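Visitor: I would like to go through this model with you. Could you put it on the screen, please?

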Amino acid sequence: METCAFQKQIQATNDTMASLRERIQRLERSLNDPNLPEDRRRELSLELKEIGKLLETTEEQLKKMHKENSKSFAVAACLFFICFLVYGLYVLVNGV
C-alpha cells in the first residue's frame, strides 16, 4: 500500500527534525572543546541558536500536520458511520 502525500510530508518533517537534532548535538560537542578559538565559538553558538529556532518551527509544523491528519481521519470515520447507518435503515425499511 502506498502512503499518501500527507504521510510523506509528515515523514519528511520527522527526518528533518532528526537531522537538526543530530546537528545540534555535534555543535554542542564542538562548543565543549576548550581549544576552540573564541571567534569560532561565537559562530557555532550563533548557528546553534538558529538551528534551535528552526527546530522549534519545524516541531510546530509537525503538530499542525498531526492535527490536520486527525481531522481527516475523523471525517473518514464519520462518512463510514453514515454509510453504515444508511445501509442499516435501508435493510430495516425494506426487510432484506
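Visitor: Let us begin at the far end. What follows α2?

Guide: Gly95 follows α2, and its phi is positive, near 65°. Helices here are DSSP runs of H or I with at least four residues, strands are runs of E with at least two, and both are numbered from the N terminus.

Visitor: Before we continue, what kind of model is this?

Guide: This is a predicted model, in which local features need pLDDT of at least 70, side-chain atom pairs count only at pLDDT 80 or more, and totals for chains, interfaces and linings use all residues. Residues are numbered from 1 along each chain as its sequence is written, and side-chain values use heavy atoms, with hydrogens and water left out.

Visitor: How many helices and strands are there?

Guide: The protein has 2 helices and 0 strands. Its radius of gyration is 24 Å, well over the 12 Å that the globule rule gives for 96 residues, so the protein is more spread out than a compact globule. That radius is taken over C-alpha atoms, and the rule is 2.2 Å times the number of residues to the power 0.38. Along the principal axes, the C-alpha trace spans about 85 × 25 × 15 Å.

Visitor: And how long is α2?

Guide: Helix α2 has 57 residues and reaches 84 Å from its first C-alpha to its last, close to the 84 Å expected at 1.5 Å a residue. The expected span is 1.5 Å times one less than the number of residues. For α1, with 27 residues, the expected span is 39 Å, and its end C-alpha atoms are 39 Å apart, which agrees.

Visitor: Which residues of α2 are buried?

Guide: Leu44, Ile51, Leu55, Thr58, Leu62 and Met65 are buried in α2. Buried means under 20% relative accessible area, exposed over 50%, and partly exposed in between, with a 1.4 Å probe and protein chains only. The cover over these α2 residues includes α1, where contact means heavy atoms within 4.5 Å.

Visitor: What about α1: which residues are buried there?

Guide: In α1 the buried residues are Ile10, Thr13, Met17, Leu20, Ile24, Leu27 and Leu31. Their cover includes α2, residues 38-94. Over the protein, buried residues make up 15% of the 96 residues.

Visitor: Thr13 stands out to me in that list. Why does Thr13 count as buried?

Guide: Thr13 counts as buried because its relative accessibility is 9%. Thr13 lies in α1, residues 5-31, and touches Thr58, Leu62 and Met65, not counting residues up to four places away in sequence.

Visitor: What lies 2.9 Å from a polar atom of its side chain?

Guide: The backbone oxygen of Gln9 lies 2.9 Å from a polar atom of the Thr13 side chain.

Visitor: Changing topic, what about His66: which helix holds it?

Guide: His66 lies in α2 and is partly exposed, with a relative accessible area of 41%. Its C-alpha is separated by 9.5 Å from that of Gln7, 59 residues apart along the chain.

Visitor: Lastly, which residues does UniProt list as a coiled-coil region?

Guide: The unreviewed UniProt entry lists residues 10-68 as "coiled-coil region"; its positions use the numbering here, feature names are shortened, and annotations may be inferred rather than shown by experiment. The end C-alpha atoms of residues 10-68 lie 11 Å apart, and the span is 90% helix and 0% strand. The unreviewed entry also annotates residues 73-93 as "transmembrane region"; that span is 100% helix, with end C-alpha atoms 30 Å apart.

Notes:
Polar contact = N/O pair within 3.5 Å; in protein donor to acceptor, adjacent residues only side chain to side chain.
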